[in-house]
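This briefing covers a ligand site and a set of helix packings. The sequence and structure come before the notes.

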Amino acid sequence: MTTPALLPLSGRRLPPLNLGASAFPHHRATLRLSEKFILLLILSAFITLCFGAFFFLPDSSKHKRFDLGLEDVLIPHVDTSKGGKNLGGFLIHGQGHDEHRHREEEERLRNKIRADHEKALEEAKEKLKKSRDEIQAEIQTEKNKVVQELKKKDSKPLPPVPLPNLIGINSGEPADPDIREKRNKIKEMMKHAWDNYRQYGWGHNELKPIARKGHSTNIFGNSQMGATIVDALDTLYIMGLHDEFREGQEWIDKNLDFSVNSEVSVFEVNIRFIGGLLAAYYLSGQEVFKIKAVQLAGKLLPAFNTPTGIPWAMVNLKSGVGRNWGWASAGSSILAEFGTLHMEFVHLSYLTGDPVYYNKVMHIRKLLQKMDRPNGLYPNYLNPRTGRWGQHHTSVGGLGDSFYEYLLKAWLMSDKMDTEARKMYDDAIEAIEKHLIRKSNGGLTFIGEWKNGHLERKMGHLTCFAGGMFALGADGSRDDKAGHYLQLGAEIAHTCHESYDRTTLKLGPEAFKFDGGVEAVAVRQNEKYYILRPEVIETYWYMWRFTHDPKYRQWGWEAAQAIDKYCRVSGGFSGVKDVYSSSPTYDDVQQSFFLAETLKYLYLLFSNDDLLPLDNWVFNTEAHPLPVLHLANTTLSGNPAYR
Ligand code: DMJ
């Protein structure tokens with residue numbers, strides 16, 4: 001007598017009707033979508049049939065099956081042919097007792113079949129609810145998992161990676177008492193921002209300093225991922241706020257979880273979380289940061305599953321489903337987003353010995369190199385399905401900015417070996433200078449925005465970072481134009497300082513014009529806000545490092561005082577809605593980049609140059625310092641097993 005495969009005759013569970021990874025991990029990866037649906041329907045129908053058959057078959061036939069099962073399972077050592085005796089120490093029940101027991105078992109098994117059946121139907125229903133894209137992304141994610149698993153099985157464990165030479169992480173104390181005092185003031189501001197976040201927003205992404213509660217935006221998804229903790233870690237570290245650093249580390253260790261059903265911005269998560277975790281790892285040597293960075297990077301990889309390999313702007317950390325911002329031109333991805341992954345991804349490959357990250361960003365670079373550029377300019381929009389540019393808008397501010405920054409920094413971070421990146425940077429900057437950079441009637445150099453062949457004479461606060469970038473890229477520039485680029489950096493710094501100086505609060509507006517008699521002033525009401533952004537102070541700091549002109553410390557101090565006076569509230573620091581108003585209203589958000597960038601650049605401005613020297617460290621676009629990798633080339637990991 002044989003045991004029908006689907007009946008639980010030997011105490012085994014019914015195989016769940018689950019087409020997920022747990023059911024058939026290897027097969028699932030290779031199933032096509034249509035096959036999957038057919039299989040799902042067949043299995044569902046088969047279970048229904050078995051279930052129905054069980055209830056409609058004659059009683060005797062059911063009993064026969066269960067008797068067999070029960071004999072097998074419950075009284076295996078009883079020889080029933082011998083009339084029900086005590087054999088081998090087992091108690092043999094009388095016939096009435098047996099029937100009662102069989103009925104109970106029958107009932108139990110009937111319930112079990114029902115429960116299994118219902119569960120299977122629920123799972124099937126859940127699967128059918130999902131969109132085609134979601135199912136496809138799930139399949140792709142499972143495929144990737146299988147490939148990764150196979151790779152892991154094939155490869156030997158990787159030897160530890162040698163840490164790059166980490167110079168200048170505990171220094172920078174200025175001898176001048178006035179500068180020391182200013183530096184201490186910045187540290188006090190950091191403590192105020194952190195303590196209030198600690199008290200009112202702990203674990204949330206950001207703080208509402210007036211409402212005194214947590215805050216988040218859609219870039220971080222709907223989960224409490226402690227963005228401020230991760231973003232602030234390295235600032236805490238270099239300021240010597242070690243207790244606070246340890247608190248942050250403990251939270252990350254215990255609570256930072258990326259297996260959440262949450263849709264996040266790939267770019268923001270990369271620059272703030274991966275950048276922040278990597279910097280914290282390099283500074284402190286604590287493995288937990290590296291582990292978390294690598295886990296998170298794995299969750300971002302499905303975003304690259306597009307026809308071109310240009311990643312989606314957003315990805316769901318759990319399902320791996322990606323999509324683009326609804327507002328972006330023709331379903332495009334954004335240049336400053338997919339073009340600002342290089343530094344972190346190269347470090348991930350370096351630290352893990354896994355080329356997957358490096359390959360992703362190099363693929364983007366190769367694709368961009370092949371494309372035609374109108375007037376030599378990179379448009380801000382690129383469609384990840386077609387590989388074609390969207391609208392021909394070019395900006396060194398929002399939507400474009402950090403793409404150019406990362407070309408330069410890829411070269412610097414590779415110990416100047418990645419000359420391909422340097423060439424792309426030089427070409428791009430030449431085109432920008434030709435088409436976007438102008439002098440206003442009043443003699444202020446500004447960087448405008450290119451919109452379909454027309455120059456808009458408007459500059460964003462975000463664009464002000466470019467002063468620092470030009471200064472940083474001066475050394476090594478084409479045709480030895482170092483002096484020219486340092487001068488350009490100084491001119492941008494001056495213009496951006498003017499944009500602060502021409503306001504009531506001495507804080508810079510979000511965007512300012514050079515048109516119709518207006519110079520470095522915001523015109524539209526919705527461009528008059530200041531949200532604790534760092535770019536102007538960032539440029540002061542780079543200019544200070546390269547020139548030691550005291551005016552940059554002076555300008556930085558003006559900004560620090562204005563922030564302390566107008567943005568500080570008892571519950572932290574807030575952005576303000578109108579920098580031209582003497583009684584500004586607050587936006588009630590303490591941005592995580594205030595702790596990561598604004599306060600860090602200010603602290604560095606009042607520190608000696610031996611704190612995080614620029615020959616050894618390259619700052620990502622969120623001001624997270626990553627060490628220069630002194631490798632023979634940038635293509636491979638620092639892991640000897642991988643070279
Ligand atoms: C930061 O998150 C980064 O600097 C990014 O590159 C641009 N914007 C914000 C701060 O303004």
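**Ligand surroundings**

The residues around the ligand are Ile271, Arg272, Leu462, Arg533, Pro534, Glu535, Phe593, Glu597, Thr621 and Glu622. The model is predicted. Three helix pairs are then described, beginning with the pairs that involve α7.

- Arg533 places a polar side-chain atom 2.7 Å from an oxygen atom of the ligand.
- For Glu535, a side-chain N or O atom is 2.6 Å from an oxygen atom of the ligand.
- In Glu622, a polar side-chain atom lies 2.5 Å from an oxygen atom of the ligand.

**Helices α7 and α20**

- Helix α20 spans residues 592–605, and its axis is 7 Å from that of α7, at an angle of about 15°.
- Because angles under 35 degrees count as roughly parallel, α7 is roughly parallel to α20.
- The two helices, α7 and α20, cross in a left-handed sense.
- On the α7 side, the contact is made by Ala227, Thr228, Asp231, Ala232, Asp234, Thr235 and Ile238.
- On the α20 side, it is made by Ser592, Phe593, Leu595, Ala596, Lys600, Tyr603 and Leu604.
- By class, the residues of the contact of α7 with α20 are eight nonpolar, three polar and three charged.
- Phe593 is listed in this contact and is also one of the residues surrounding the ligand.

**Helices α6 and α7**

- Helix α6 covers residues 177–201 and helix α7 covers residues 227–238; their axes come within 12 Å and cross at roughly 150°.
- Angles over 145 degrees count as roughly antiparallel, so α6 and α7 are roughly antiparallel to each other.
- The crossing of α6 with α7 is left-handed.
- From α6, the contact draws on Met190, Trp194 and Tyr197.
- From α7, it draws on Thr228, Ile229, Ala232, Thr235 and Leu236.
- Six nonpolar, two polar and no charged residues make up the contact of α6 with α7.
- Thr228, Ala232 and Thr235 of α7 take part in the contact with α6 and are also listed in the contact with α20.

**Helices α13 and α15**

- The axes of helix α13, residues 356–370, and helix α15, residues 419–435, come within 12 Å and cross at roughly 45°.
- That angle makes α13 oblique to α15.
- A left-handed crossing is found for α13 and α15.
- Met362, Arg365, Lys366 and Gln369 of α13 meet Glu420, Ala421 and Met424 of α15.
- The contact of α13 with α15 has three nonpolar, one polar and three charged residues.

Key:
Residues are numbered from 1 along each chain as its sequence is written. This is a predicted model: local features need pLDDT of at least 70, side-chain atom pairs count only at pLDDT 80 or more; totals for chains, interfaces and linings use all residues. Side-chain values use heavy atoms; hydrogens and water are left out. Axes are lines fitted to C-alpha atoms, for helices over the stretch in contact, and angles run from 0 to 180 degrees between N-to-C directions. Helices (H or I, at least four residues) and strands (E, at least two) are DSSP runs, numbered from the N terminus. Angles under 35 degrees count as roughly parallel, over 145 as roughly antiparallel, 65 to 115 as roughly perpendicular and the rest as oblique. A crossing is left-handed if the near helix is turned anticlockwise from the far one by less than a right angle, and right-handed if clockwise. Contact means heavy atoms within 4.5 Å. Ala, Val, Leu, Ile, Met, Phe, Trp, Tyr, Cys and Pro count as nonpolar, Asp, Glu, Lys and Arg as charged, and the others, Gly among them, as polar. A residue is near a molecule or strand if one of its heavy atoms lies within 4 Å of it. A polar contact is a pair of N or O atoms within 3.5 Å; within protein, one must be able to donate a hydrogen and the other to accept it, and residues adjacent in sequence count only if both atoms are side-chain atoms.
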